[in-house]
Amino acid sequence: CFIGLLICPFDVFYRPTRFCFIRVLRNIVCSPFYKVLLVDFFMADQLTSQIPLLRHLETTSCHIFARAFRTHHTVSCNSGRLYVELTYIISFLPYYWRALQCARRWFDDGDVNHLLNMGKYVSAMVAAGARVTYSRQDNHLWFAIVLLTSVFATLYQLYWDFVKDWGLLNPNSKNPWLRDDLILKNKTIYYISMALNVVLRVAWVETIMHLRVGPVQTRLLDFLLASLEVIRRGHWNFYRLENEHLNNVGHFRAVKAVPLPFREIDSDS
């Protein structure tokens, strides 16, 4: 029903917004063949936080087809070869699209920071793939691989969050370890958000602990982790847009000051 509503051609239920959403998704999926706009990379970053949702949609769809077609057994929804391959693809795709966007921005702007940003998403892909493999091959070798790749990717992401995306941790700022220009008057909120971001970035630790709980509790833990990622992304969205608005860090504007949408009128005329 939701897919039908999304592609509905009639001018009902905010058709311009729906079609704009489809156009942005097209630009993301077809990266790097489209010039990367602010809305494109911003939406692609949201998709990297929706991997748990996409994987649960995969499982739900598999069970629906298993009930609809008797030739398809439900056991294949947990251990089937096609299911496992799709799990890897879903875990990689959002990071892959975002990495291609970084490559396109480097090609357009020639800024090496875009290549470094691409490296962040590549490390996230490697860590995600290692965790998926470890969930099916529980041994000491894969545990060590998961630990190394996940710690490296987390440190990489935390650095990029604080320094590049949020513009914080500036030791020379007039606001200690923040930045010169801030929108929120209460500076304590920035420090709390940084600490919260660190905690939520390491939530992946629960996925490798293999807690001995029942299937219902396992689903509740998955739901909790996905919810925490939504909260973390909400914090990231605010400070990323704040930094873009104040400092134009992404160079999406030609000038730093945005003029008002009207001209000043001489009072003498």
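Reader: What makes Gly 167 worth pointing out just after H8?

Author: In this predicted model, Gly 167 follows directly after helix H8 and takes a positive phi of about 70°.

Reader: How do you know that H8 spans about what is expected for a helix of 26 residues?

Author: Helix H8, residues 140-165, reaches 35 Å from its first C-alpha to its last, and this is close to the 38 Å expected at 1.5 Å a residue. At the start of the helix, a side-chain oxygen of Asn 139 comes to within 3.2 Å of the backbone nitrogen of Leu 141.

Reader: Why is Gln 157 called buried?

Author: Gln 157, which is found in helix H8, has a relative accessibility of 11%; buried means under 20%, and therefore Gln 157 counts as buried. When its neighbours within four places in sequence are left aside, Gln 157 is in contact with Lys 120, Ala 124 and Arg 201.

Reader: Which other residues of H8 are buried, and what do the buried residues of H8 pack against?

Author: The buried residues of H8 include Val 146, Thr 149, Tyr 156, Trp 160, Asp 161 and Phe 162, and the buried residues of this helix pack against helix H7 (112-134), helix H9 (188-201) and helix H10 (215-247).

Reader: Why is Leu 196, in helix H9, called partly exposed?

Author: Its relative accessibility is 31%, and since partly exposed covers the values between under 20% and over 50%, Leu 196 is therefore given that name. The C-alpha atom of Leu 196 is separated by 9.0 Å from that of His 235, although these two residues are 39 residues apart along the chain.

Reader: What makes Phe 10 an exposed residue?

Author: Phe 10 has a relative accessible area of 58%, and exposed means over 50%, so Phe 10 is called exposed. Phe 10 lies in the loop between helix H1 (2-6) and helix H2 (15-29), and together with Phe 2, Leu 5, Val 12, Phe 13 and Tyr 14 it forms a nonpolar patch on the surface, with about 760 Å² of accessible area together.

Reader: How many helices and strands are there in the protein chain, and what share of its residues is buried?

Author: The protein chain has 10 helices and 0 strands, and buried residues make up 35% of its 269 residues. The chain exposes about 17,200 Å², of which carbon and sulfur atoms supply 68%. Among contacts between residues at least 6 apart in sequence, 61% join residues at least 24 apart.

Technical notes:
Residues numbered from 1 in each chain as written. Predicted model: local features only at pLDDT ≥ 70, side-chain atom pairs only at ≥ 80, totals over all residues. Heavy atoms only, no water. Helix = DSSP H or I, 4+ residues; strand = E, 2+ residues; numbered from the N terminus. Expected span 1.5 Å × (residues − 1). Buried < 20%, exposed > 50% of the residue type's maximum accessible area, 1.4 Å probe, protein only. Contact = heavy atoms within 4.5 Å. Polar contact = N/O pair within 3.5 Å; in protein donor to acceptor, adjacent residues only side chain to side chain. Patch = residues over 30% accessible without salt bridge, like charges linked within 9 Å, V, L, I, M, F, W, Y side chains within 5 Å. Areas by Shrake-Rupley, 256 points an atom, 1.4 Å probe, with all protein chains shown as cover. Salt bridge = Lys/Arg side-chain N within 4 Å of Asp/Glu carboxyl O.
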